[in-house]
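I opened this model to look up its sheet, its cores and its aromatic pairs. My notes follow in the order I took them.

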Amino acid sequence: NGKLSKTEIQELLKELYETTDNSATRVKLAGAYAHFMPTKPKKAKTTFDWVCKAVANEQARPYLNFVYSDGEYLVATDGHRLHFTKTDKATGYYDKNGDKIELDLAFPQYRRIVPQFFKNPEFLTFEFDVDKCEVTSEDKLFFYTATDGDRTFKVNKRYMDEMLNGETKTTLKIEKSKADDSCPVLCFEDGDRQAVLVSEKM
């Protein structure tokens with residue numbers, strides 16, 4: 001029917017941006033491109049709310065639809081990212097309102113999933129800056145592609161925005177022994193907030 005999808009419009013605007021030399025036109029095209037970008041997620045007001053950002057929404061593994069406390073850490077994961085923080089909440093599952101619920105299911109052994117924070121391996125650091133990233137879209141998902149020196153990573157834009165919680169720059173850590181993996185795990189720390197995010201295959 002000749003109607004372009006949002007992704008096709010973005011690609012067209014990007015092509016026009018890269019082929020014009022007129023600075024005023026480039027500014028307008030950049031603004032038009034940004035119009036089709038998803039809005040940034042709401043900033044979490046509390047650390048608990050920030051942990052909740054990683055909660056899943058699925059039927060196959062219902063225990064991932066809640067926040068879990070092991071008595072020391074408060075954890076949430078959707079299988080692609082994991083947010084956690086120190087807590088004094090009693091062991092068990094909690095909904096997004098912070099109310100304890102009864103759920104007779106075992107939470108994944110997350111300390112095996114994120115040994116980076118518990119075994120102190122050697123790390124490489126990666127400077128991440130939202131404003132220096134290329135933003136692309138695939139299958140209705142948006143991604144940041146970030147470069148620091150000779151390393152380039154691609155990450156889910158929403159996951160990264162929610163992890164950064166309103167900030168635009170951070171220093172990420174990558175376990176040195178796994179830095180050359182096709183989808184290395186990126187580690188994040190900011191005060192009492194800690195997270196891991198699986199990068200996307202380039």
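These entries go from the sheet to single residues and then to the rings.

**Entry 1: the sheet**

I began by noting that this is a predicted model. I then traced the sheet. Nine strands make it up, and it is open. I read the order as β5-β4-β1-β2-β3-β12-β11-β10-β6, with antiparallel pairing. Which strands sit at the edges? They are β5 (100–101) and β6 (123–129), each of which pairs on one side only.

I checked one pairing by its bridges. Strand β10, residues 169–175, and strand β11, residues 185–190, are antiparallel and share two bridges. I174 has L186 of β11 as its bridge partner. Next I looked for a helix on the sheet. Helix α5 (residues 157–164) packs there and touches β3 (81–86), β6, β10, β11 and β12 (193–198). The direction of α5 makes about 170° with that of β12.

**Entry 2: β1, β2 and β3**

I followed the chain through two hairpins. β1 and β2 pair in the antiparallel sense over two bridges. Y68 has V75 in β2 as its bridge partner. Three residues lie between these two strands, and G71 in the turn has a positive phi of about 95°.

β2 and β3 are also antiparallel, with five bridges. Here L74 has T85 in β3 as its bridge partner. The hairpin of β2 and β3 has three residues between the strands, and G79 takes a positive phi near 95°.

How many residues of β2 are buried? I found five of five, over residues 73–77. I then sorted them by face. Y73, V75 and T77 are on one side, L74 and A76 on the other, and all are buried. This fits a general pattern: in a regular strand the side chains alternate between the two faces of the sheet.

**Entry 3: S69**

I stopped at S69, which lies in strand β1 (residues 67–69). Is S69 buried or exposed? Its relative accessibility is 0%, so S69 counts as buried. I looked for polar partners of its side chain. The side chain reaches the backbone nitrogen of G71 at 3.1 Å. It also reaches the backbone oxygen of K89 at 2.9 Å. Beyond four places in sequence, the contacts of S69 are L74, T87, K89, A90, T91, G92 and Y94.

**Entry 4: L197**

I moved to strand β12, where L197 is found. Its relative accessibility is 1%, so L197 counts as buried. L197 and L186 are eleven residues apart along the chain, and their C-alpha atoms are separated by 5.2 Å. I listed its contacts beyond four places in sequence. They include H80, R81, V155, P184, V185 and L186. L197 also contacts Y159, M160 and M163, and helix α5 spans residues 157–164.

**Entry 5: the cores**

I asked which members of the largest nonpolar core touch the most others. Of its 32 residues, they are V67, F128, Y144, M160, M163 and L172. A second core of 13 residues is separate, and Y63, L64, Y93 and V196 are among its members. In soluble globular proteins, nonpolar side chains tend to be buried together.

**Entry 6: aromatic pairs**

I counted eight aromatic pairs in the structure. F84 and Y110 form a tilted one, 6.2 Å centre to centre, with 50° between the planes. F84 is in strand β3 and Y110 in helix α4 (residues 110–113), so this pair ties together parts 26 residues apart in sequence. F84 counts as buried because its relative accessibility is 0%. Y110 is buried too, with a relative accessible area of 5%.

F126 and F153 are edge-to-face: 4.9 Å centre to centre, 75° between the planes. F126 lies in β6 and F153 in β9 (residues 151–156), so the pair links parts 27 residues apart in sequence. Both rings belong to buried residues. I also noted one aromatic cluster, formed by Y68, Y93 and F107.

**Entry 7: β8 and β9**

I ended at the strand that holds F153. β9 pairs with strand β8 (residues 141–148) in the antiparallel sense over six bridges. F153 stands opposite A146. The two strands form a hairpin with two residues between them. G149, in the turn, has a positive phi of about 65°.

Key: Residues numbered from 1 in each chain as written. Predicted model: local features only at pLDDT ≥ 70, side-chain atom pairs only at ≥ 80, totals over all residues. Heavy atoms only, no water. Core = buried A, V, L, I, M, F, W, Y, C linked by side-chain atoms within 4.5 Å. Buried < 20%, exposed > 50% of the residue type's maximum accessible area, 1.4 Å probe, protein only. Pairing = 2+ DSSP bridges. Helix = DSSP H or I, 4+ residues; strand = E, 2+ residues; numbered from the N terminus. Contact = heavy atoms within 4.5 Å. Axes fitted to C-alpha atoms, helices over the stretch in contact; angles between N-to-C directions. Polar contact = N/O pair within 3.5 Å; in protein donor to acceptor, adjacent residues only side chain to side chain. Phe/Tyr/Trp six-rings, centres within 6.5 Å; stacked < 30°, edge-to-face > 60°.
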